[in-house]
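Biologist: Could we go through this structure together, one question at a time, with the reasoning spelled out for a first-year student?

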Amino acid sequence: MKKTHDHGFPSRDAIVAYIRAHPGKIGTREIAREFGLKNADRAELKRMLRELADAGTIAKRGRRIHETAALPPTVIADITGRDTDGELLAVPTEWDSEESGEAPKIRIEVPRRAKPGTAAGVGDRALLRIEQAEDGDNAPYRGRVIKVLDHARTRVLGIFRTTPTGGGRLVPVDKKQAGRELNIAPSDTAGAEDGDLVAVDLIRSRGYGLAAGRVKERLGSLSSEKAISLIAIHAHDIPQAFSPSAIRLAEAAEPATLRGREDWRDLPLVTIDPPDAKDHDDAVHAITDPDPNNKGGYIVHVAIADVAFYVRPGSALDRDALLRGNSVYFPDRVVPMLPERISNDLCSLVPGEPRGALAVRLVIGPDGRKRSHSFHRVLMRSAAKLHYAQAQAAIDGRPDDTTGPLLEPILKPLYAAYGLAKLARDERDPLDLDLPERKILLKPDGTVDRVIVPERLDAHRLIEEFMILANVAAAEMLEKKGLPLIYRVHDEPTQEKVHNLQEFLKTLDLPFAKSGALRPSLFNRVLGQVRGEDYEPLVNEVVLRSQAQAEYSAENYGHFGLNLRRYAHFTSPIRRYADLIVHRALIRSLGLGEGALPESETLETLSEVAAQISLTERRAMKAERETADRLIAHFLADRIGATFQGRISGLTRAGLFVKLSDTGADGLIPIRTLGTEYFNYDETRHALVGSRSGAMHRLGDVVDVRLVEAAPVAGALRFELLSEGKVEGKFIPRGRKRDGTKVLTKSRPGRSPREKVRKARKDKSAKTKSGKSKKGKSWKR
């Protein structure tokens, strides 16, 4: 091993080589042990690792260290082409090129006998198991297809509109294709009617006129009520129908009995959910702890629907659930992970009915900290079904006929136990972003009635905190038993994102002094400083954008946002496959009977499952967001020309994105409409800045806009900016120079005509002298 110091301290190259040889498997402790470093050397080692991280050579993922841009053993990738030898090449699907540079290539090895579902081609998306390639290979990774997740798309999805001359046109549903209609000849309509959602094959694309298409499949009519979500369901290939085998299993399932279970039917557990919830998979109860050694403490019971009893590993129900990964929630419908016979009946903890459950008993001390926990497979009976506002009203002195009898024996102990748990939560100091969520309320015909921001109540926080405690207990129990599981993980922000945040906060004269380990409290300190200020939404948004995305992983690197070392999803197995895996692992580790995690499930196989359900989770989030956009665009389509107030929610070199205050709708203001000067994108300030006037439009600014165009099918809105640009604390009216004089001519933003002529002459002169054209610089961000 190469050394650089007389006392035997390893060189940077030696440390990087060791990290490269053990990607994602080691931390500071393992490095110190490998090189025989004593406690006195730890400070020097941490300093060197910090320098390597600042230089971008290495990166930390929780407590684990790896080379920058190193890929995990299992990755979802898009197959982009072939190399000179004809072998398939792929790149990671989830790759931040701005943060990590060009995506690494993966050369896909094809075995002689490929397993079913692993035959991949260019344009496909696949789950790969990868490893580092040998030196000299032009692709840094080798990969093997585990499963093809999505085949290359050769079709366009859209709404069919008939034309008077016969045939019709296709209005694409993709925002990126908005305005690019396809012509469909009368012989190619396949019987499609006006308003049908159809899949169309592209026939040809010409340099003039409309491209042509042929209808291949009619997917449903959007003329019926509650049909807008169909677009997202088909656009993202979200499975709707369950297999016949799964349906037969669900219909044949029998209710759970007391066999192999503890009898908790006399324990008055209650469910507290949104008022429109159809399935109820968690129930809670609390009592004061009679143990004299825990005076002032509480015992909290959290019972979760025993989905593992009905959905056995490898069954048709299990295969369908894994394919979905999670339930998808739209304003007008739910696409469930499990058939309704399971989700809304046998596993729904409805009042008065005996139901199987996997429960955890949590002992909480007077300081709010969890002292112990134990898991039980039980038969329970819910005492009541409450909604959040109902439970809160009872505590606030307004009980109704249902909550009145429950107030003293059930609700008050629950709130008292929550008060203790909140003490520990506040001490833990998780990330505290204030990002209100909007909810779309529909009329009976499926159109938008109004958009509201539900009030955040202590009832919400109570359930949330008890679910977090139960999730932590599940992760701790399985780690103690040494069983593999799927963690819910959230990485800490990268060094680059932290640096960018620091530079942005400097523009607001806000300190962000990072010393030692990165913790949520650092961000909370900043958020606390801006509370109540005009730029509070701006800072909340920028802090959010500095964070990593939570995901599922079979390897633990902690949950940064919650400030927890270990965390797993246990509390919603009806709607999340990850929770079902955790239930099975608990049943296996504690010997609780049927439905246990099979011995064949290893860290490697669970890594594959984690990658797949992380993808389905992102798919669901995107589909839900797009459906909300389409509903709002339909709602606003007849208000062209109306003015609205909103905030700048995004900035690109294409223009500004504005989120309306009343509906939460997002729309674009094209940069060409901002004024008569060139606007530069200032990444540090998160702003577009005028090159001559200095007029600035900044992320989070409150602006007035006029609705110019609405494309309901694509969910796209286009606005015109009415507000003034801001310069150094002063506003400059649009259409005026910095000295206040009017601009008499209007041109597209960019160089003025005089500047263009001057540049053309300069380029021509440079070409004459050098014999070649002068090229502009390009760089990656």
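Modeller: Let us begin with a term: a residue counts as buried when its relative accessible area is under 20%, and as exposed when that area is over 50%. Please keep in mind that this is a predicted model.

Biologist: Is alanine 308 buried or exposed?

Modeller: Alanine 308 lies in the loop between β16, which covers 298-305, and α7. Its relative accessible area is 0%, and the cut-off for burial is under 20%, so alanine 308 is buried.

Biologist: Which residues are in contact with alanine 308, leaving aside its neighbours within four places in sequence?

Modeller: One hint comes from isoleucine 581, which is 273 residues away from alanine 308 in sequence, although the two C-alpha atoms are 8.4 Å apart in space. With neighbours within four places in sequence left aside, the contacts of alanine 308 are Arg377, Leu580, His583, Arg584, Ile587 and Gly595.

Biologist: Is histidine 301 buried or exposed?

Modeller: Histidine 301 belongs to strand β16, and, not counting residues up to four places away in sequence, it touches Trp264, Leu267, Leu269, Ala283, Val284, His285, Val360 and Arg361. Its relative accessible area is 7%, which is again under 20%, and therefore histidine 301 is buried.

Biologist: What share of the residues of the whole chain count as buried?

Modeller: The chain holds 17 helices and 35 strands, and its accessible surface comes to about 39,400 Å², of which 48% belongs to carbon and sulfur atoms. Among contacts between residues at least 6 apart in sequence, 64% join residues at least 24 apart. Of the 781 residues, the share that count as buried is 47%.

Biologist: At the start of α1, which residue has the backbone nitrogen that a side-chain oxygen of serine 11 reaches?

Modeller: Helix α1 spans residues 12-21, and its buried residues include Ile15, Val16, Tyr18 and Ile19. At the start of α1, the side-chain oxygen of serine 11 comes to within 3.1 Å of a backbone nitrogen, and that nitrogen belongs to alanine 14.

Biologist: In what order do the strands of the closed barrel run?

Modeller: The barrel has five strands with mixed pairing, and the twist from one strand to the next averages 50°. One of its pairs is β3 (residues 74-82) with β4 (residues 88-92), which run antiparallel and are joined by five bridges. The order of the strands in the barrel is β3-β4-β5-β7-β6.

Biologist: Which residue in β5 stands opposite leucine 89?

Modeller: In β4, four of the five residues are buried, and this strand has partners to examine in turn. Towards β3, glycine 81 stands opposite leucine 89, while alanine 77 stands opposite proline 92. Towards β5 (residues 106-108), β4 pairs in the antiparallel sense over two bridges, and there the residue opposite leucine 89 is arginine 107.

Biologist: Which residue in the hairpin of β3 and β4 takes a positive phi?

Modeller: This hairpin has five residues between its strands. The phi in question is near 85°, and the residue that takes it is glycine 86.

Biologist: Why is α7 called oblique to α16?

Modeller: Helix α16 (residues 603-636) lies across β3, β6 and β7, running at about 70° to β3. Leu322, Leu323 and Arg324 in α7 meet Val609, Gln612, Ile613, Thr616 and Arg619 in α16, and the axes of the two helices come within 8 Å. Angles of 65 to 115 degrees count as roughly perpendicular and those under 35 as roughly parallel, so α7 is oblique to α16 because their axes cross at roughly 60°.

Biologist: Which residue in β31 stands opposite valine 689?

Modeller: Strand β30 (residues 687-690) is covered on both faces, with Ala687 and Val689 buried on one side and Leu688 and Gly690 on the other. It pairs in the antiparallel sense with β29 over four bridges, where valine 689 is the bridge partner of asparagine 680. With β31 (residues 696-698) the pairing is also antiparallel, over three bridges, and the residue opposite valine 689 is methionine 696.

Notes
Residues are numbered from 1 along each chain as its sequence is written. This is a predicted model: local features need pLDDT of at least 70, side-chain atom pairs count only at pLDDT 80 or more; totals for chains, interfaces and linings use all residues. Side-chain values use heavy atoms; hydrogens and water are left out. Buried means under 20% relative accessible area, exposed over 50%, partly exposed in between (1.4 Å probe, protein chains only). A polar contact is a pair of N or O atoms within 3.5 Å; within protein, one must be able to donate a hydrogen and the other to accept it, and residues adjacent in sequence count only if both atoms are side-chain atoms. Contact means heavy atoms within 4.5 Å. Accessible areas come from the Shrake-Rupley method with a 1.4 Å probe; for residues, only the protein chains shown count as cover. Two strands pair if DSSP finds at least two bridges between them. Axes are lines fitted to C-alpha atoms, for helices over the stretch in contact, and angles run from 0 to 180 degrees between N-to-C directions. Angles under 35 degrees count as roughly parallel, over 145 as roughly antiparallel, 65 to 115 as roughly perpendicular and the rest as oblique.
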